[in-house]
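This report introduces a single protein chain to a reader who has not met it before. Please look over the sequence and the structure before reading on.

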Amino acid sequence: MKQMKFLLVALMAVVMSVSVTSCMNGENNPVYTGLAVAECVSTYPATFAVSNNQKLVVKDATLLDLKYGKTYMFYYQFNTEEQSVSAASITVTLYQGSAPVAIDADDDEGPVANSADYEADAALYSLGTSLFPSSFLLYNKKLLVPFGYWVKVEENTDKQKEELNKHSFVLTYDVTNIASGAKTFELTLNHKISDAEGEKVTRDRWAEGYKVYDLTAAITAFSKKSGTVPTTIKIKTKLNTSTGGSLEGAIDGTNEVTYTTE
């Protein structure tokens with residue numbers, strides 16, 4: 001549990017994180033501890049739907065700022081002697097006071113048609129993380145993209161938030177050359193940093209980040225050109241494990257996801 005507590009602190013303090021449900025209880029321990037990525041389907045009581053359509057009902061009256069339809073990550077627990085892991089609906093508690101973290105991409109992070117305004121000005125550390133080696137499809141045409149990126153670690157929470165808010169991760173696409181009947185849809189993840197003009201920032205730590213993108217409009221644009229839906233989503237980005245994540249010397253990184261319709 002010490003390792004999990006450290007992971008919680010790291011994820012909540014430095015990055016936004018997400019996972020699928022995973023069992024963390026030890027042998028002979030009836031308490032199931034999981035890490036979930038789920039869509040909010042009710043704000044009171046706080047209810048979330050995970051990818052297998054299971055509902056997680058959170059017993060916490062302090063969750064007052066949830067937004068219906070948004071995707072959240074949170075750690076949860078429940079007693080398997082009282083409820084089945086496979087039940088359609090499970091009442092859970094949040095793990096050690098953790099709170100659901102919203103992980104949907106911001107409105108200006110796409111997916112959006114490619115243009116020079118959205119081109120990356122920094123490379124990522126990795127495409128995939130220690131929790132998830134690759135991107136994957138969630139539900140309702142939503143795509144989870146895990147990545148590592150270089151950050152500066154600040155001395156207090158406010159300054160750390162300022163640093164993290166400088167980073168955006170814009171998912172772009174280009175359908176101009178899509179051939180009729182094409183089955184592979186390429187998306188590009190662009191890491192952009194909004195430092196002030198002339199500001200010099202040394203970023204010597206890397207953090208793990210997660211974004212959920214709604215592909216609805218992008219799939220529609222692809223289908224208009226191709227005449228069909230894609231079977232494969234290919235995510236491309238620039239990677240550099242050197243401190244700072246310069247585009248100079250960066251290499252190409254890719255993930256491929258099988259696209260299925262509901």
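## Confidence

Over which residues does pLDDT stay under 50? The answer is residues 1-22, for which the model nevertheless has 70 contacts beyond four places in sequence. Where pLDDT is low, the predicted coordinates should not be read in detail.

The structure is a predicted model. Averaged over the protein chain, pLDDT is 87, and 89% of the residues score at least 70.

## The nonpolar cores

The largest nonpolar core contains 30 residues. Those with the most contacts inside this core are Leu143, Tyr149, Phe185, Leu187, Leu189 and Ile233. At least two core residues are supplied by each of the following elements: strands E10 (142-151), E11 (167-173), E12 (184-193), E13 (205-214) and E14 (232-239), together with helix H3 (216-226). E10 provides the largest share, five residues. Apart from this core lies another one of 18 residues, including Ala46, Val50, Leu63 and Leu66. In soluble globular proteins, nonpolar side chains tend to be buried together.

Leucine 143 offers a view of the surroundings of one core residue. Neighbours within four places in sequence left aside, leucine 143 is in contact with Ser135, Phe136, Leu137, Leu171, Leu187 and Lys211. Its other contacts of this kind are with Val212, Tyr213, Leu215, Ile233, Ile235 and Val257.

## Helix H3

The buried residues of H3 are Ala218, Ile219, Ala221, Phe222 and Ser226. Because these residues cover an arc of only 160° around the axis, they lie on the same side of H3. Ala217 and Lys224, on the other side of H3, are exposed.

Among the elements that cover the buried residues of H3 are E11, E12 and E14. Glycine 227, just after H3, takes a positive phi of about 85°.

## Helix H2

Helix H2 spans residues 157-165, and within this helix Gln160, Glu163 and Leu164 are buried. Their arc around the axis is only 95°, which means that they lie on the same side of H2. On the other side of H2, the exposed residues are Asp158, Lys161, Glu162 and Asn165.

The N-terminal end of H2 is capped by asparagine 156. A side-chain oxygen of asparagine 156 lies 3.2 Å from the backbone nitrogen of aspartate 158, a residue that is exposed.

Technical notes
Residues are numbered from 1 along each chain as its sequence is written. This is a predicted model: local features need pLDDT of at least 70, side-chain atom pairs count only at pLDDT 80 or more; totals for chains, interfaces and linings use all residues. Side-chain values use heavy atoms; hydrogens and water are left out. A nonpolar core is a set of buried Ala, Val, Leu, Ile, Met, Phe, Trp, Tyr and Cys residues joined through side-chain atoms within 4.5 Å. Buried means under 20% relative accessible area, exposed over 50%, partly exposed in between (1.4 Å probe, protein chains only). Helices (H or I, at least four residues) and strands (E, at least two) are DSSP runs, numbered from the N terminus. Contact means heavy atoms within 4.5 Å. The arc is that of the directions from the helix axis to the C-beta atoms. A polar contact is a pair of N or O atoms within 3.5 Å; within protein, one must be able to donate a hydrogen and the other to accept it, and residues adjacent in sequence count only if both atoms are side-chain atoms. pLDDT is the predictor's confidence in each residue, from 0 to 100.
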